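Visitor: I've got some time and a lot of curiosity. Could you walk me through this one, question by question?

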Amino acid sequence: MDIIANPNCGKGDGIKVIAAVTSYLEERSIPFELHRTNAVGHAKDLCRTLCANVSHTIVALGGDGTFHEVLNGMDFDKARLGFVPAGRGNDFAIGTNAASLDPIKAIADVLRGAPKEFDYIQISDKRCLNVGGTGIDVDVLLKTAKSKNKLSYIASLFRCLLHYKPYHISVSVNGEEKEYDCLMAGICNGSQIGGNIRIAPIAKADDGKLDLMIMEKPKGVPTLFVMPKFVKGKHMGEPYTNHIVCESVKITTPAPIQLDGEIYYDLDFDAHIVKGGVKTFARTENDN
């Protein structure tokens, strides 16, 4: 077993989670190798090297950003991927029930070895585990990353909405092309972003489908007034919400996009679902 761990993930919890997991394995004389990441992109490079050396089990320990990097380095013909959530939001683990938030239960599920498959999204040459989006979610991520007082995602979202103007996108899906002036567009495999904002509450990561969510500016009411519904996942069916189920979609936009919270510039937003592409391990307890 190889563990790719981000010691800087979460709110300083990475080091604590690493210590708990490694102690658990050492106490049981379970062999493992720990690989700590030290820069952006390091987890992806580590994973590629380990897969090339025929590691049969790789565990990603960190937040959704770490999971994203490891996913993009995986060769699922050679290895199976386990998850130990240790981020601030842990949106993928919570929204898909993919792994326990208790690190000991999460690593124990990996050791049990019961196989499980999840879908992932292929966007150009990148893989996305949870949600890919463009619009206000990118602005929010940029502002939280630059914030000196560590604004939460939701606090930053409300601040951005005070000045955010809808932007134009073209969407090609299910044989039709439509245009929207929207606040954001998200291609969802999982159901939530930003630490429990339920962008696509009915999305499932193992149904072989994408849930395309396009949020337009509400008519006749300030956007801030409808945001509580959006945060709680109660926006489905509202006139400003467009929900389209598909297997592939192309969004044309000049704006940057985010994949699992990682921002990409000049990446074509051309996406399709890869059914059962994530070879992982089944949970045995539901405690999220």
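Visitor: Which strand holds His243?
Guide: Before I answer, note that this is a predicted model, where local features need pLDDT of at least 70, side-chain atom pairs count only at pLDDT 80 or more, and totals for chains, interfaces and linings use all residues. Residues are numbered from 1 along each chain as its sequence is written, and side-chain values use heavy atoms, with hydrogens and water left out. Helices (H or I, at least four residues) and strands (E, at least two) are DSSP runs, numbered from the N terminus. On that numbering, residues 241–246 form the strand with His243 in it, S11.

Visitor: Is His243 buried, partly exposed or exposed?
Guide: The scale goes like this: buried is under 20% relative accessible area, exposed is over 50%, and partly exposed is in between (1.4 Å probe, protein chains only). His243 has 29% relative accessibility, so the label is partly exposed.

Visitor: Which side chain makes a polar contact with the side chain of His243?
Guide: Start with contacts, meaning heavy atoms within 4.5 Å. Leaving aside neighbours within four places in sequence, His243 has Ile202, Asp211, Leu212, Met213 and Met236. A polar contact is stricter: a pair of N or O atoms within 3.5 Å, where within protein one must be able to donate a hydrogen and the other to accept it, and residues adjacent in sequence count only if both atoms are side-chain atoms. At 2.7 Å, the partner is Asp211.

Visitor: Which residues of S1 point the other way from Asp2 and Ile4?
Guide: In a regular strand the side chains alternate between the two faces of the sheet. S1 covers residues 2–5, and its residues named here are all buried. With Asp2 and Ile4 on one side, the other side has Ile3 and Ala5.

Visitor: What is the bridge partner of Asp2 in S2?
Guide: Strands pair if DSSP finds at least two bridges between them. S1 and S2 (residues 33–36) run parallel and are joined by four bridges. For Asp2, the partner in S2 is Glu33.

Visitor: What is the handedness of the crossover from S1 to S2?
Guide: The test is to look with the strands pointing away from the viewer: if the path from the first strand over the helix to the second runs clockwise, the crossover is right-handed. Here the chain goes from S1 through helix H1 (residues 13–27) to S2, and this β-α-β crossover is right-handed.

Visitor: And in S3, which residue stands opposite Ile4?
Guide: S3 (residues 57–62) also runs parallel to S1, with four bridges joining them. Opposite Ile4 in that strand is Ala60.

Visitor: Which strand gives the most to the largest nonpolar core?
Guide: A nonpolar core is a set of buried Ala, Val, Leu, Ile, Met, Phe, Trp, Tyr and Cys residues joined through side-chain atoms within 4.5 Å. The largest has 46 residues, and those with the most contacts inside it include Ile123, Val171, Leu212 and Val249. With seven residues, the top contributor is S9 (residues 176–188).

Visitor: How many residues are in the second core?
Guide: That one is separate, and its members include Ile58, Ala98, Phe118 and Val278. Its size is 25 residues.

Visitor: What follows H5?
Guide: H5 spans residues 103–112, with buried residues including Pro103, Ala106 and Ile107. The buried residues pack against H1, S3, S4 (80–85) and S15 (269–281). At the helix start, a side-chain oxygen of Asp102 reaches to within 2.9 Å of the backbone nitrogen of Ile104. After the helix, with a positive phi near 80 degrees, comes Gly113.

Visitor: How far apart in sequence are Glu117 and Arg80?
Guide: They meet in a salt bridge (3.1 Å, N to O), that is, a side-chain nitrogen of Lys or Arg within 4 Å of a carboxyl oxygen of Asp or Glu. Glu117 is in S5 (residues 115–123) and Arg80 in S4, so the pair links distant parts of the chain, a separation of 37 residues.

Visitor: Which residues join Lys209 and Glu247 in one salt-bridge network?
Guide: A search of the whole structure finds seven salt bridges. Lys209 and Glu247 meet in one of them at 3.0 Å, N to O. Salt bridges that share partners bring one further name into the network with that pair, Lys275.
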